[in-house]
Amino acid sequence: MAAEPVNLNEFQELARLALPKMYYDFYAGGAEDEHTLKENVEAFHRITFRPRILVDVSRIDLSTTILDYKISAPIIIAPTALHKLANPEGEVATARAAASCNTIMVLSFTSSSSIEEVAASSNAVRFYQLYVFKKRDITATLVQRAERNGFKALVLTADTPRLGRREADIKNKMITPPLKNLEGLLSTKVSSDTGSNFEADANETMDASLSWKDLEWLRSITNLPILIKGILTREDAIKAVEVGVAGIIVSNHGARQLDYSPATISALEEVVHAVKGRVPILMDGGVRRGTDVFKALALGAQAVLIGRPVVYGLAAKGEYGVRRVIEMLKDEFELTMALTGCPSVKHITRKHVRTEQERI
Ligand code: FNR
């Protein structure tokens with residue numbers, strides 16, 4: 001294989017070659033039959049373009065603004081666990097790549113580098129992803145640390161009352177390394193110091209009673225804007241707007257939670273119609289091409305997040321690899337804008353794509 005990949009999918013193969021099987025499977029895997037895992041990607045393939053011609057596309061502006069932060073393109077780094085399994089520099093390398101690409105990084109609650117290390121390593125705009133533990137104090141402590149360290153928003157992941165059944169991890173007896181931010185905060189059951197099977201232990205730790213009313217609690221302990229991640233239906237989108245979230249992330253957790261959830265690109269429009277522009281909507285799941293970014297924007301997302309491609313880039317080539325992944329996606333997105341006749345993201349409309357239902 002050529003040393004320099006030419007697209008995101010080639011990074012996946014490089015990551016597979018670079019990583020121990022247990023870690024590659026941890027990143028690549030999905031829940032149960034992995035039906036949704038495939039669908040997340042394939043549902044994009046079923047959307048085609050209605051390109052417009054003879055538009056002046058001699059200059060293309062990819063930039064956009066998310067919660068007042070201007071970024072170079074509507075492509076954000078999704079929160080994914082344990083970057084040190086991919087590269088010894090872990091989330092620090094990812095944050096540096098985010099800064100050099102002028103985009104936002106969402107740091108995972110289950111990161112392997114600490115909030116403080118990541119904050120000190122670059123001036124990237126950072127959001128902090130949250131899980132809520134039964135011991136609310138732990139979550140509250142991490143919210144305060146994120147706030148103190150200049151994180152700009154919280155992303156509450158709400159699709160994980162329990163962890164999905166990821167069979168590759170079960171077979172591999174996947175052991176996670178220490179969870180840096182949780183050092184000293186957890187009981188011995190979920191060891192932050194020696195490493196443990198977080199997947200199994202998480203079900204002990206995660207607060208499965210979390211419900212809409214707890215958004216009030218979260219708001220009482222922070223002034224940061226809160227985005228909610230994991231929405232797939234109009235009902236929940238409306239609830240999220242009612243409780244006052246600053247944004248919605250349409251996501252099925254990279255198909256790692258409930259198999260046979262819809263592909264996120266298929267669920268996006270339902271949410272967009274329900275929200276009616278009241279809060280920004282982002283989406284993630286299966287974005288591998290610039291054309292995918294375009295399709296998500298045409299269907300109403302303001303930006304996409306990418307999960308696995310980032311860890312594959314990190315595994316294959318460290319910080320440089322993450323940068324290349326983002327740059328390649330940006331380049332493809334820019335080309336798509338040129339070829340569909342869209343000189344800026346504002347020009348991308350619903351009329352530029354045709355979904356399967358609309359085919360004649
Ligand atoms: C995730 N995801 C995730 N989400 C979250 O809110 N907190 C987390 O700690 C993690 N961890 C995690 C680890 C790994 C290895 C993966 C692949 C995913 C889900 C992630 O934020 C995002 O929703 C998906 O990764 C998006 O799908 P793609 O881009 O991976 O297809």
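Visitor: Where does Tyr260 sit?
Guide: This is a predicted model, where local features need pLDDT of at least 70 and side-chain atom pairs count only at pLDDT 80 or more, while totals for chains, interfaces and linings use all residues. Residues are numbered from 1 along each chain as its sequence is written. Helices (H or I, at least four residues) and strands (E, at least two) are DSSP runs, numbered from the N terminus. On that basis, Tyr260 belongs to the loop between β9 and α11.

Visitor: Is Tyr260 buried or exposed?
Guide: Count the other C-beta atoms, placed from the backbone, within 10 Å of a residue's own: 20 or more is buried, 12 or fewer is exposed, and in between is partly exposed. Tyr260 has 12 such neighbours, so it counts as exposed.

Visitor: Which residues does Tyr260 touch, not counting those up to four places away in sequence?
Guide: Contact here means that the C-beta atoms of two residues, placed from the backbone, lie within 7 Å. Leu335 is nowhere in that range, at 33 Å from Tyr260, C-alpha to C-alpha. The partners of Tyr260 are His35 and Thr36.

Visitor: Is Gln257 buried or exposed?
Guide: Gln257 lies in the loop between β9 (247-250) and α11. Leaving aside neighbours within four places in sequence, it contacts Ala31, Asp159, Thr160, Gly164 and Asn252. Its C-beta has 23 neighbours inside 10 Å, so Gln257 is buried.

Visitor: What separates the C-alpha atoms of Gln257 and Leu163?
Guide: Along the chain, these two are 94 residues apart. In space, their C-alpha atoms are separated by 6.3 Å.

Visitor: How many C-beta neighbours inside 10 Å does Ser251 have?
Guide: Ser251 is also placed in the loop between β9 and α11. Not counting residues up to four places away in sequence, Ser251 touches Asp159, Lys229, Gly230, Thr264, Met283, Asp284 and Gly285. Ser251 counts as buried because its number of C-beta neighbours inside 10 Å is 28.

Visitor: What about the ligand: which residues around it are the closest?
Guide: A residue is near a molecule if its C-beta atom, placed from the backbone, lies within 6 Å of it. That gives 24 residues surrounding the ligand. The closest are Ser108, Thr157, Gly254, Gly307 and Arg308.

Visitor: How many charged residues are in the shell around the ligand?
Guide: Asp, Glu, Lys and Arg count as charged, Ala, Val, Leu, Ile, Met, Phe, Trp, Tyr, Cys and Pro as nonpolar, and the others, Gly among them, as polar. The shell has eight nonpolar and 12 polar residues, and its charged residues number four.

Visitor: On to helix packing: at what angle do α10 and α11 pack?
Guide: Axes are lines fitted to C-alpha atoms, for helices over the stretch in contact, and angles run from 0 to 180 degrees between N-to-C directions. For α10 (residues 234-242) and α11 (residues 264-275), the axes are 8 Å apart and the angle is about 40°.

Visitor: How is α10 oriented to α11?
Guide: Angles under 35 degrees count as roughly parallel, over 145 as roughly antiparallel, 65 to 115 as roughly perpendicular and the rest as oblique. The angle here is about 40°. That makes α10, relative to α11, oblique.

Visitor: How are α4 and α13 oriented to each other?
Guide: Helix α4 (residues 90-100) packs on helix α13 (residues 308-340) at about 15°, with axes 8 Å apart. The two are therefore roughly parallel.

Visitor: How are α1 and α13 oriented to each other?
Guide: The angle between α1 (residues 8-18) and α13 is about 170°, and their axes are 10 Å apart. These helices are therefore roughly antiparallel.

Visitor: How many nonpolar residues does the contact of α1 with α13 have?
Guide: From α1 come Leu8, Phe11, Gln12, Leu14, Ala15 and Ala18. From α13 come residues including Pro309, Tyr312, Met328 and Leu329. By class, the contact has three polar residues and no charged ones, and the nonpolar count is 12.

Visitor: What is the phi of Glu34?
Guide: Most residues other than glycine have a negative phi. Glu34 is in the loop between α2 (21-28) and α3 (35-45). Although Glu34 is not a glycine, its phi is positive, at about 60°.

Visitor: And what is the phi of Asn102?
Guide: Asn102 is in the loop between α4 and β5 (104-107). With 15 other C-beta atoms within 10 Å, Asn102 is partly exposed. Asn102 is not a glycine either, yet its phi is positive, at about 50°.
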